[in-house]
Amino acid sequence: MNFIENIEKEKYERFVKNHKKSHFLQSYAWGEFAKKEKKLLPHYVGLENEKNELVAATLLLEKKLPFGYSYFYAPRGYVIDFSNTSLVEEFTECLKKYVKREKAIFIKIDPDLVYHQETNSGEVIIEKEKEIIQNLKRIGYRHLGFTKNFETMQPRYTFRIDFTQEWDKIEANFSKTTKQRIKKAEDLGVEVSLGKKEDIQTFYQLMILTENRKDFITHNQSYYESLYEIWNQENSCNLFLGKVNIDKMVKLEQQTINHLESNLIPFQKESLSKSEKSKKQEMEKRIEKLKKDIEKYKEDKKKYGNIITLSGHFIVEYGEKAWVLYAGNHNILSETYTNYMTYQKHIKYYYDKGLKIYDQFGTIGDLRKENPLLGLHEFKKKFGGDYVEFSGELDYVLNKPMYFIFTKLVPFYRSIIKNIAKKTGKR
């Protein structure tokens with residue numbers, strides 16, 4: 001086997017995109033994006049066989065550290081047949097020699113290896129990849145444990161929808177309440193459209209509102225603009241925007257009121273049965289609620305305008321897969337269920353494109369009721385994907401003393417930076 005550095009872009013992409021372990025985080029474009037926005041140095045390296053064909057490759061992101069040290073991270077890497085232990089061993093040995101030139105402390109990987117997977121109904125899908133962790137540990141990789149929330153570089157849990165099924169089956173797996181809420185959004189005239197780069201400012205504002213509600217730190221607007229621009233040069237990413245038209249909503253609600261009032265006419269007689277009285281009261285209550293809703297919509301119009309963007313979803317496509325990277329929502333008009341409608345529309349969009357996998361890109365493993373992140377999990381679960389648990393992070397340590405310092409001090413440093421960011425608003 002021949003270890004090669006600086007793999008030519010076309011050759012690298014051809015191998016990665018068509019591999020069963022293809023992932024957008026291992027793409028050439030992600031390396032260029034990480035270089036621009038994260039100040040990480042991308043390395044595109046691999047192994048060739050005697051026919052000069054790639055049999056393994058990876059994007060390594062180099063992080064420069066003080067005193068000339070560095071560490072290397074292969075996000076969702078490597079792109080390799082992990083069941084071929086001898087190939088993994090050889091590739092690891094080559095990588096060790098390569099990164100030692102830069103005084104690497106360690107190599108971090110978090111491969112797309114499924115540790116556990118079950119359907120939305122709870123049926124367990126057996127995965128042989130569970131055994132691979134033991135082989136990696138035997139080679140020398142240090143498994144960092146089975147985290148339950150978002151402690152790692154990439155989420156350990158996600159929901160994935162298999163797009164090789166018929167659409168009717170996919171839609172049937174949506175929860176009952178999800179179907180009802182999508183229907184409600186349709187009844188209110190909610191519209192979902194594809195945004196453009198100039199719409200990222202609106203999307204960013206939605207992310208800020210979501211940040212304030214959910215207690216996380218979002219990126220700068222330039223981060224999303226760079227990702228959109230770089231990704232759409234040779235791949236595809238989309239910004240889906242869910243909007244409401246207040247005038248349209250008021251008109252639709254008024255039509256419902258008119259219909260209900262016409263249905264009330266037969267109930268105006270003096271003597272009514274018990275069931276008739278109950279039905280009359282039910283209709284009157286609904287009319288009263290609809291009138292209050294209309295007044296609320298009119299107030300929202302005064303404050304935000306007639307057309308309001310309530311949801312924005314940022315999705316990347318790579319190979320035969322799509323990932324929902326970011327989703328932001330407004331603080332108002334949640335009763336329109338625009339977020340549900342936006343999800344339904346882009347799931348159908350990527351299904352119609354002929355992709356094979358749709359990935360929600362992140363949920364949790366700690367499903368206790370007191371976990372504040374449980375709501376996120378329950379929302380994503382409503383769309384019926386398989387619940388997937390990945391193997392987690394593994395480090396190959398090259399400098400044990402410095403690794404100890406780095407793993408103890410850096411998390412403390414990051415917590416300080418995060419707290420400063422929250423207090424100052426700097427991102």
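Before looking anything up I noted what the exposure words mean: a residue is buried under 20% relative accessible area, exposed over 50%, and partly exposed in between. I also noted that this is a predicted model.

**Entry 1: a salt bridge between two helices**

I began with K291, which is partly exposed because its relative accessible area of 39% falls between those two limits. The side chain of K291 meets that of E261 in a salt bridge, with 3.9 Å from N to O. E261 lies in helix 9 (residues 246-264) and K291 in helix 10 (residues 274-304), so the pair ties together parts that are 30 residues apart in sequence. I then looked up the partner, and E261 is partly exposed too, with a relative accessible area of 35%.

**Entry 2: other salt bridges**

How many salt bridges does the count come to? I wrote down 28 salt bridges, and I followed two further pairs by hand. The side chains of E62 and K64 meet at 2.8 Å, N to O; E62 is buried, with a relative accessible area of 1%, whereas K64 counts as partly exposed at 49%. This pair does not stand alone, since E62, K64 and E102 are linked in a network of salt bridges. In the other pair, the side chains of R368 and D366 meet at 2.8 Å, N to O. Here R368 is partly exposed, with a relative accessible area of 47%, while D366 counts as buried at 12%.

**Entry 3: helix 7 against helix 8**

I turned next to helix packing, for which two packed helices are described by the angle between their axes and the distance between the axes. The axes of helix 7 (residues 200-214) and helix 8 (residues 221-234) come within 10 Å and cross at roughly 130°. Why is this pair called oblique? An angle of roughly 130° lies outside the ranges for roughly parallel, roughly perpendicular and roughly antiparallel, the last of which needs over 145 degrees, so helix 7 and helix 8 are oblique to each other. I recorded their crossing as right-handed. On the helix 7 side I listed I200, Q201, F203, Y204 and M207, which meet Q221, Y224, E225 and Y228 in helix 8. By class, this contact has six nonpolar, two polar and one charged residues.

**Entry 4: helix 3 against helix 4**

For helix 3 (residues 85-100) and helix 4 (residues 132-139), I found axes that come within 11 Å and cross at roughly 40°. Angles under 35 degrees would count as roughly parallel, and helix 3 and helix 4 are therefore oblique to each other. Their crossing is right-handed. T85, V88, E89 and T92 in helix 3 meet N135, L136, R138 and I139 in helix 4, and the residues of this contact divide into three nonpolar, three polar and two charged.

**Entry 5: backbone details in loops**

Which two residues are joined by a cis peptide bond? I noted G77 and Y78, with omega about 5°, and I placed Y78 in the loop between strand 4 (70-74) and helix 3.

I then looked up positive phi values. F67 has a phi of about 65° although it is not a glycine, and F67 lies in the loop between strand 3 (54-64) and strand 4. L333, also a residue other than glycine, has a positive phi near 55°, and is found in the loop between strand 13 (321-329) and helix 11 (338-352). Are these two loop residues buried or exposed? F67 is exposed, with a relative accessible area of 74%, whereas L333 is buried, at 3%.

Definitions and conventions. Residues are numbered from 1 along each chain as its sequence is written. This is a predicted model: local features need pLDDT of at least 70, side-chain atom pairs count only at pLDDT 80 or more; totals for chains, interfaces and linings use all residues. Side-chain values use heavy atoms; hydrogens and water are left out. Axes are lines fitted to C-alpha atoms, for helices over the stretch in contact, and angles run from 0 to 180 degrees between N-to-C directions. Helices (H or I, at least four residues) and strands (E, at least two) are DSSP runs, numbered from the N terminus. Angles under 35 degrees count as roughly parallel, over 145 as roughly antiparallel, 65 to 115 as roughly perpendicular and the rest as oblique. A crossing is left-handed if the near helix is turned anticlockwise from the far one by less than a right angle, and right-handed if clockwise. Contact means heavy atoms within 4.5 Å. Ala, Val, Leu, Ile, Met, Phe, Trp, Tyr, Cys and Pro count as nonpolar, Asp, Glu, Lys and Arg as charged, and the others, Gly among them, as polar. A salt bridge is a side-chain nitrogen of Lys or Arg within 4 Å of a carboxyl oxygen of Asp or Glu. Buried means under 20% relative accessible area, exposed over 50%, partly exposed in between (1.4 Å probe, protein chains only).
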